[in-house]
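I opened my notebook to get to know this structure a little. Here is what I looked up, entry by entry.

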Amino acid sequence: MKKKQTSEVSYGVIGLGRFGTALAMTLAKADKEVIVIDRDESKIKEIRQYTEYAFVSDNLSIETLREIGIQNCDVVIVCIGEKVDVSILTTMSVLELGVPRVIAKAISQEQGAVLRRIGAEVVYPEMDMALRLGKKLLSQSFFDYISLDDSVEIRQLPVSSRMVGRSIEELGIRRKYGLNIIAIENNSCTNLEVMPDYQFREGDVMVAIGKIDHLDGFESALRV
């Protein structure tokens with residue numbers, strides 16, 4: 001792929017394990033330009049239905065990456081978690097090629113620390129998924145949540161009996177806990193225009209957005 005002339009962000013995905021394959025497919029289906037590299041010819045053949053920039057290569061040296069054109073990408077994700085030495089060396093090569101944003105998959109905190117030290121952003125796909133699943137299995141005070149980043153979430157929180165008949169303003173949810181109520185659900189009906197004087201009813205579920213520690217504090221208060 002040659003250096004593009006448009007402002008559209010282009011991506012590189014190195015390594016077609018489950019994480020890399022799903023990522024490459026998602027980006028390509030969103031009509032993004034994606035360069036994909038893997039040593040497995042069968043995986044490259046499969047991904048070519050989504051992007052024409054798919055290359056088989058056993059060698060991930062800086063010369064090979066330059067020849068493929070990885071330096072023309074705005075974002076490159078190195079999805080080689082299992083082979084730590086290859087992951088680190090490949091990430092170093094991509095950084096040396098001057099790619100503006102380099103993200104690397106890690107399978108351990110130690111690997112992540114090294115990748116971060118050399119200048120990459122680090123993701124832990126397996127760990128993140130395990131934490132999400134564990135949180136959903138263990139939580140008894142909310143039904144679902146969406147993580148926006150490492151510090152902010154949207155959660156569904158059931159209204160406790162002592163909140164029924166009292167308004168959002170009266171309870172001081174924003175003032176005391178720093179949370180914003182963005183919706184109220186009740187019996188499959190969703191109210192998206194929630195006013196401060198709204199009085200909670202039996203069976204209400206509030207959808208709140210805020211920092212994770214604020215949400216955790218509010219949940220603890222609900223259980224008291």
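**Entry: a leucine out of sight**

I began with L65 and asked whether this residue is buried or exposed. L65 has a relative accessibility of 0%, and because buried means under 20%, I noted L65 as buried. I should add that I am reading a predicted model here.

Next I looked up where L65 sits, and found this residue in helix 3, which covers residues 62-68. Which residues does L65 touch, leaving aside those up to four places away in sequence? I listed I14, I37, L60, I70 and Q71, and then T90, S93, V94 and L97. I picked L97 from that list for a distance check: L97 lies 32 residues from L65 along the chain, and the C-alpha atoms of the two are 8.5 Å apart.

**Entry: an asparagine in a loop**

Then I moved on to N72, which I found in the loop between helix 3 and strand 4 (75-78). Its relative accessibility is 13%; that is under the 20% limit, so N72 counts as buried too. I also paired N72 with P100, 28 residues away along the chain, and read 9.6 Å between their C-alpha atoms.

**Entry: two helices side by side**

Before this one I reminded myself that a packed pair of helices is described by the angle between the axes and the distance between them. My pair was helix 4 (residues 84-96) and helix 5 (residues 109-117), with an angle of about 15° and axes 10 Å apart. An angle under 35 degrees counts as roughly parallel, so helix 4 and helix 5 are roughly parallel to each other. I wrote down the crossing of helix 4 with helix 5 as right-handed.

Which residues meet between the two helices? From helix 4 I noted V84, S87, I88 and T91, and from helix 5 their partners Q111, V114 and L115. Sorted by class, this contact has 4 nonpolar and 3 polar residues, with no charged ones.

**Entry: the whole chain**

Last, I stepped back to the protein chain itself. I counted 9 helices and 11 strands. Of the 224 residues in the chain, 44% are buried. Among contacts with a separation of 6 or more, 55% join residues 24 or more positions apart. The accessible surface of the chain is about 13100 Å², and carbon and sulfur atoms hold 52% of that surface.

Notes. Residues numbered from 1 in each chain as written. Predicted model: local features only at pLDDT ≥ 70, side-chain atom pairs only at ≥ 80, totals over all residues. Heavy atoms only, no water. Helix = DSSP H or I, 4+ residues; strand = E, 2+ residues; numbered from the N terminus. Buried < 20%, exposed > 50% of the residue type's maximum accessible area, 1.4 Å probe, protein only. Contact = heavy atoms within 4.5 Å. Areas by Shrake-Rupley, 256 points an atom, 1.4 Å probe, with all protein chains shown as cover. Axes fitted to C-alpha atoms, helices over the stretch in contact; angles between N-to-C directions. Parallel < 35°, antiparallel > 145°, perpendicular 65-115°, else oblique. Left-handed = near helix turned anticlockwise from the far one by under 90°. Nonpolar A, V, L, I, M, F, W, Y, C, P; charged D, E, K, R; others polar.
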